[in-house]
Amino acid sequence: MTVEPSKGVNVGVTPAPPHNRETDRASGTPLELLLLTEERDEAQIVAEMRGEIAETYVYSFQQGNRTITNLAYPGVKEAIRRRGNVAIVPCDCCKKAYHVEESGDDLRAIVKIHDLKNNVQFLGVSTCKKTVPFAYVVAANKAERNGLRKLLPEKEIALLIKEWSKPSKQPATQPAWKDTSQRP
Ligand SMILES: [Zn+2]
């Protein structure tokens, strides 16, 4: 599954998955689910860079007869803000907080996160197509998010999802995208 931004459109942002017809083709393998999540994160990172408020901490959508719910990118950030005690460890080779390298059509970012509370380190890794607007920043932010998410115990994530999923906190939009895995 590859979603390319429209050629010649230099201000285009890949819309969040429910409105992105390209992603409708995705069927139910975990990897594809992961990619959908990544796309949503990319869209939120870019929206935030443009000063738009990305207020959705939790997202959910239907996958067959299951509802998949998870922390969105702003939700991970908010959870970490509440938690504190986290540092980014500069890269050994380039001394930057975000190591970003090119790999074919992609940028690959690695961020090392230090959990100061438990004195343990995690790597956050991501890739981003070079054609995505602000690809460098998107790759770095996704890597950071992937690393930070590892600090959050599943139990805590479940509690936050519960808290942030209360009807008043979430817009009442239902995911428009259907499970197309039955399609021949
Ligand atoms: Zn480096």
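How many residues has helix α3, and how far does it reach from its first C-alpha to its last? Helix α3 (residues 135-149) has 15 residues and spans 21 Å between those two atoms, close to the 21 Å expected at 1.5 Å a residue. The expected span is 1.5 Å times one less than the number of residues in the helix.

**Figure 1. The whole chain is shown as a predicted model.** This is a predicted model, in which local features need pLDDT of at least 70, side-chain atom pairs count only at pLDDT 80 or more, and totals for chains, interfaces and linings use all residues. Residues are numbered from 1 along each chain as its sequence is written. The chain has four helices and six strands. Helices (H or I, at least four residues) and strands (E, at least two) are DSSP runs, numbered from the N terminus. Their order from the N terminus is α-β-β-α-β-β-β-β-α-α. Contacts (C-beta atoms, placed from the backbone, within 7 Å) between residues 24 or more positions apart make up 59% of the contacts in the chain with a separation of 6 or more.

**Figure 2. Confidence varies along the chain.** The pLDDT (the predictor's confidence in each residue, from 0 to 100) averages 77 over the chain, and 68% of the residues score at least 70. Among the elements, β5 has the highest mean, 97, and α1 the lowest, 74. Over residues 1-29 pLDDT stays under 50, and the model has 51 contacts beyond four places in sequence for this stretch. Where pLDDT is low, the predicted coordinates should not be read in detail.

**Figure 3. Helix α3 is largely enclosed by the rest of the structure.** A residue is buried if 20 or more other C-beta atoms lie within 10 Å of its own, exposed if 12 or fewer, and partly exposed in between, with C-beta atoms placed from the backbone. By this count 27% of the 184 residues of the chain are buried. In α3, 11 of the 15 residues are buried, so the rest of the structure largely encloses this helix. Among these buried residues are Val-138, Asn-141, Lys-142, Glu-144, Arg-145 and Leu-148.

**Figure 4. The largest nonpolar core has 26 residues.** A nonpolar core is a set of buried Ala, Val, Leu, Ile, Met, Phe, Trp, Tyr and Cys residues joined through C-beta atoms within 7 Å. Ala-109, Ala-139 and Ala-140 have the most contacts inside the largest core. At least two residues of this core come from each of α1 (30-49), β1 (58-63), α2, β5 and α3. Helix α3 gives the largest share, five residues. Leaving out residues up to four places away in sequence, Ala-140 touches Tyr-98, Val-100, Ala-109 and Val-111. In soluble globular proteins, nonpolar side chains tend to be buried together.

**Figure 5. Two hairpins each have two residues between their strands.** Two strands pair if DSSP finds at least two bridges between them. Strand β1 runs antiparallel to strand β2 (residues 66-71), and six bridges join them. Phe-61 stands opposite Ile-68 in β2. In this hairpin Gly-64 has a positive phi near 65 degrees. Strands β4 (residues 99-103) and β5 (residues 106-115) also pair in the antiparallel sense, over five bridges. Ser-103 has Asp-106 of β5 as its bridge partner. Gly-104, in the hairpin of β4 and β5, takes a positive phi near 60 degrees.

**Figure 6. Val-76 lies in helix α2.** The buried residues of α2 (residues 73-83) are Tyr-73, Pro-74, Gly-75, Val-76 and Ala-79. Val-76 counts as buried because it has 23 C-beta neighbours inside 10 Å. Apart from neighbours within four places in sequence, Val-76 is in contact with Leu-71, Arg-145, Leu-148 and Arg-149. The C-alpha atoms of Val-76 and Leu-152 are 8.5 Å apart, although 76 residues separate the two along the chain.

**Figure 7. Asn-85 and Phe-134 have positive phi values.** Most residues other than glycine have a negative phi, and most peptide bonds are trans. Asn-85, in the loop between α2 and β3 (86-89), has a positive phi of about 60 degrees. Asn-85 counts as exposed because it has 11 C-beta neighbours inside 10 Å. Phe-134 sits in the loop between β6 (120-129) and α3, with a phi near 55 degrees. With 16 C-beta neighbours inside 10 Å, Phe-134 counts as partly exposed.

Notes:
Two residues are in contact if their C-beta atoms, placed from the backbone, lie within 7 Å.
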